[in-house]
Amino acid sequence: MATAPIAVRHGHPSRGPRALLQRLRSGDEAAHLITALFAGSVILITSLLVYELWANSVLSRHRFGWSFLFSRVWDPVFEQFGALPFIYGTLVTSAVALLIAVPVGLGAAIFLAELAPPRLSDGLAFVIDLLAAVPSVIYGLMAIFTLVPLLRERVEPGLGALFGFLPLFQGPAYGVGFLAGGLVLAVMVLPFIISVSREMLLAVPGDQREAALALGATRWEATWKVAVPFARAGILGSIFLALARALGETMAVTMVIGNNPQISASLFAPGYSIAAVIANEFSEATGDLYLHALIELGLVLFFLTFILNGLARLLILLTTQRGTAHE
Amino acid sequence: MKVIRSLAVLGLLVAPGGSAKGQSFGPILVNGAGATFPYPIYSKWFDEYHKLHPNIQINYQSVGSGAGIRQLLSGTVDFGASDGPMSDEQLAQAKVKVLHFPTVLGADVPTYNIPGVAQELKFTPEALAGIFLGTITKWNDPAIAGANPGVTLPAKDIVVVHRSDGSGTTYIWTDYLSKVSEGWKKKVGKGTSVNWPVGLGGKGNEGVAGLVKQTPNSLGYVELIYAIQNNLPYGRVRNSAGAFVKADLAGVSAAAAGAAKSMPDDFRVSITNPPGNSVYPIASFTWLLVPASIQDGNKKAVLKEFLRWMLTEGQKYAEPLACARLPREVVEKELKAIAQIH
């Protein structure tokens with residue numbers, strides 16, 4: 001089980017299964033070929049996706065060039081298109097979501113894996129997996145009916161009164177806005193972080209903990225200083241899975257973010273995300289340039305996800321190389 | 001019996017087409033795509049028409065006006081549908097001439113939520129334009145209060161709510177504001193999505209209505225149908241004759257009748273803010289887009305016959321579905337225009 005974090009890193013486990021693969025190769029070329037084709041289809045689909053996004057955004061790319069990324073105007077009537085407010089909204093809501101979901105998710109995972117009785121842990125894990133399967137539109141509806149009024153009437157005025165000196169918590173409390181979007185996303189990505197992190201912690205070999213305890217560590221020290229660092233590659237993996245989900249989430253976000261493409265320092269202000277504007281405006285987009293600008297937004301979102309995932313891989317690579325707990 | 005009848009119907013239908021000889025008598029499939037706003041009435045029509053002519057199946061996908069126009073231009077559907085007329089630029093792109101046929105009328109109403117104000121509010125065009133431009137920010141602004149004597153309006157900020165998804169509803173609303181406000185026309189313009197100067201966006205009529213219902217001191221716009229079906233409070237709007245009119249189906253039809261006199265031959269006309277004493281000013285046609293020349297004789301015959309039926313008998317289905325029917329003047333003009341399909 002010590003190889004589990006590696007599995008996240010490379011996608012296939014090490015020696016034992018690799019040997020199996022070799023036997024398959026010599027024994028059954030067909031199986032090798034077919035599975036390789038299936039694996040290759042992933043690359044094919046991704047490249048087709050990029051190609052289509054690239055080819056169908058040509059008008060917008062030529063017209064606006066790099067300024068598309070930095071312009072704050074999104075005006076379908078006068079055909080001026082800029083992605084900055086949407087990039088900003090996507091990043092801010094995802095950041096808020098991770099800021100909340102990571103500590104809560106990790107804490108919950110530690111409790112479930114290390115401290116809770118196994119039966120309780122398994123039961124809760126089942127509920128968490130259920131949460132991950134709830135369609136996003138349900139989360140959006142719940143947010144509209146419960147979260148948004150709560151934010152408008154209690155949380156935002158409260159935050160404003162306490163921390164109003166910070167630009168983050170200024171301005172009128174609409175309920176909908178960056179904060180609402182981030183909170184919904186936090187709830188939505190939480191199950192991913194808990195579920196994967198819990199599995200990773202459970203995969204930490206028992207002798208690691210026993211060694212720490214034998215050296216005089218308390219139970220918490222054995223958890224926090226040994227088990228968590230041992231599983232950190234997997235835990236980071238779960239966080240980046242959550243980030244990927246948050247970046248691309250459409251329905252729940254558009255229902256609560258306020259759908260106004262503006263850049264505001266305040267979390268109370270309404271904003272807009274890339275996925276939300278594509279979903280909202282695509283079907284009624286009439287002009288060619290307008291359509292191409294929307295598709296270019298899709299391209300931007302793809303590269304944003306690509307870059308963030310790349311950084312994530314790098315981070316995992318760096319931290320696991322530094323670590324000594326692995327083979 | 002049924003088969004014989006449908007064969008007879010088909011025979012009648014294809015006869016005027018002339019080129020139908022030797023074509024099979026299988027079911028005739030006609031595909032359309034476009035606007036979502038008139039979808040309830042369109043699906044009712046296609047359903048009723050199928051009952052009358054069991055061998056004719058008209059499929060309609062409510063994918064949105066923009067997508068409908070694109071599919072029509074690329075030839076993947078036999079007809080399109082749109083809440084806004086096609087632009088000259090789009091018509092120039094089309095390989096075949098595209099004809100516009102108004103089908104029914106829709107209207108937008110201002111809906112609001114002001115705690116402590118139970119009276120029905122009256123809005124002047126200037127007040128609506130100012131609120132949506134962000135130049136009027138408080139409910140007790142003289143531009144609003146002046147039209148509502150006897151109503152105590154709070155000194156609170158107006159929370160403007162608009163549609164976030166591209167929609168015909170937004171097209172009607174912004175078309176109206178463009179006509180009544182020079183500032184709006186220059187700064188924002190009209191379209192299915194625009195660059196809103198202020199406000200929160202809600203997805204769909206239900207999203208706007210939900211935000212308005214929840215947010216104190218808010219003002220948004222929704223389709224008349226939606227407001228009627230959901231018992232939303234909505235305000236009166238001053239028309240060009242100076243009367244404050246509460247939107248209803250008759251007032252919307254009156255708006256179309258008022259515009260009929262100056263109707264261009266291609267029916268691409270905006271009827272917001274028309275002349276007339278009883279007209280409700282924020283209304284618009286929605287259009288079917290039909291190619292002027294159709295190769296397939298069967299399909300051509302079906303479309304021509306369907307248009308005729310839709311303009312005459314079909315109109316009776318409009319009002320139960322809370323769409324305003326076309327005024328007689330427009331129907332007559334359209335019936336003549338069907339002959340342009342060849």
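**View 1. Helix α6(A) against helix α12(A).** Which kind of crossing does α6(A) make as it passes α12(A)? The crossing of α6(A) past α12(A) is right-handed (the near helix is turned clockwise from the far one by less than a right angle; anticlockwise would be left-handed). The model is predicted: local features need pLDDT of at least 70, side-chain atom pairs count only at pLDDT 80 or more, and totals for chains, interfaces and linings use all residues. Residues are numbered from 1 along each chain as its sequence is written; chains are lettered from A and ligands numbered from 1 in the order in which they are written.

Helix α6 covers residues 84-115 of chain A, and helix α12 covers residues 232-248. Their axes come within 9 Å and cross at roughly 145 degrees (axes are lines fitted to C-alpha atoms over the stretch in contact; angles run from 0 to 180 degrees between N-to-C directions). On α6(A), the contact is made by A:Thr90, A:Ser94, A:Ala97, A:Leu98, A:Ala101, A:Val102 and A:Leu106. On α12(A), A:Ile235, A:Ile239, A:Ala242, A:Leu243, A:Ala246 and A:Leu247 take part. Residues are in contact if their C-beta atoms, placed from the backbone, lie within 7 Å. By class, this contact has eleven nonpolar residues, two polar and no charged ones (Ala, Val, Leu, Ile, Met, Phe, Trp, Tyr, Cys and Pro are nonpolar; Asp, Glu, Lys and Arg are charged; the others, Gly among them, are polar).

**View 2. Chain A and its two domains.** Chain A has 15 helices and two strands (DSSP runs numbered from the N terminus: H or I of at least four residues for helices, E of at least two for strands). Its C-alpha trace spans about 65 × 60 × 35 Å along the principal axes. Domain 1 takes in residues 4-55, and domain 2 takes in 67-325 (bounds come from an automatic or database domain assignment). The C-alpha centres of these domains of chain A lie 29 Å apart. Of the 327 residues in chain A, 40% are buried (20 or more other C-beta atoms within 10 Å of a residue's own, placed from the backbone; 12 or fewer is exposed, in between is partly exposed). Among chain A contacts between residues at least 6 apart in sequence, 77% join residues at least 24 apart.

**View 3. The side of chain B that touches chain A.** Here 29 residues of chain B contact 25 residues of chain A. In chain B, α3 (65-73), β7 (200-202) and α9 (204-214) each supply at least two residues to this side. Helix α3(B) gives the largest share, four residues. By class, the chain B side divides into 17 polar, eight nonpolar and four charged residues.

**View 4. Strand β11(B) and its partners.** Strand β11 spans residues 283-291 of chain B, and nine of its nine residues are buried. B:Ala283, B:Phe285, B:Trp287, B:Leu289 and B:Pro291 point one way. B:Ser284, B:Thr286, B:Leu288 and B:Val290 point the other way. Strand β3 (residues 79-82) of chain B runs antiparallel to β11(B), joined by three bridges. Strand β4 (residues 98-113) of chain B is also antiparallel to β11(B), joined by nine bridges. Strands pair if DSSP finds at least two bridges between them. B:Gly106 has B:Ser284 as its bridge partner, and B:His100 has B:Leu289.

**View 5. Strand β4(B), enclosed.** All 16 of the 16 residues of β4(B) are buried, so the strand is largely enclosed by the rest of the structure. Strand β8 (residues 218-223) of chain B pairs with β4(B) in the antiparallel sense over six bridges. In this pairing B:Asp108 is matched with B:Glu223 in β8(B).

**View 6. B:Gly80 and its surroundings.** B:Gly80 sits in strand β3 of chain B. B:Gly80 is buried, with 26 other C-beta atoms within 10 Å. Its bridge partner in β11(B) is B:Leu289. Leaving out residues up to four places away in sequence, B:Gly80 touches B:Gly32, B:Ala33, B:Gly34, B:Gly68, B:Ile69, B:Gln71, B:Leu72 and B:Leu289. B:Thr272 is 192 residues from B:Gly80 in sequence and 23 Å away in space, C-alpha to C-alpha.

**View 7. A three-stranded open sheet in chain B.** The strand order is β5-β9-β10, with mixed pairing. The edge strands, β5 (122-123) and β10 (244-245), each pair on one side only. Strand β9 (residues 236-238) pairs with β10(B) in the antiparallel sense over two bridges. In β10(B), B:Val245 is the bridge partner of B:Val237.

Definitions and conventions:
Two residues are in contact if their C-beta atoms, placed from the backbone, lie within 7 Å.
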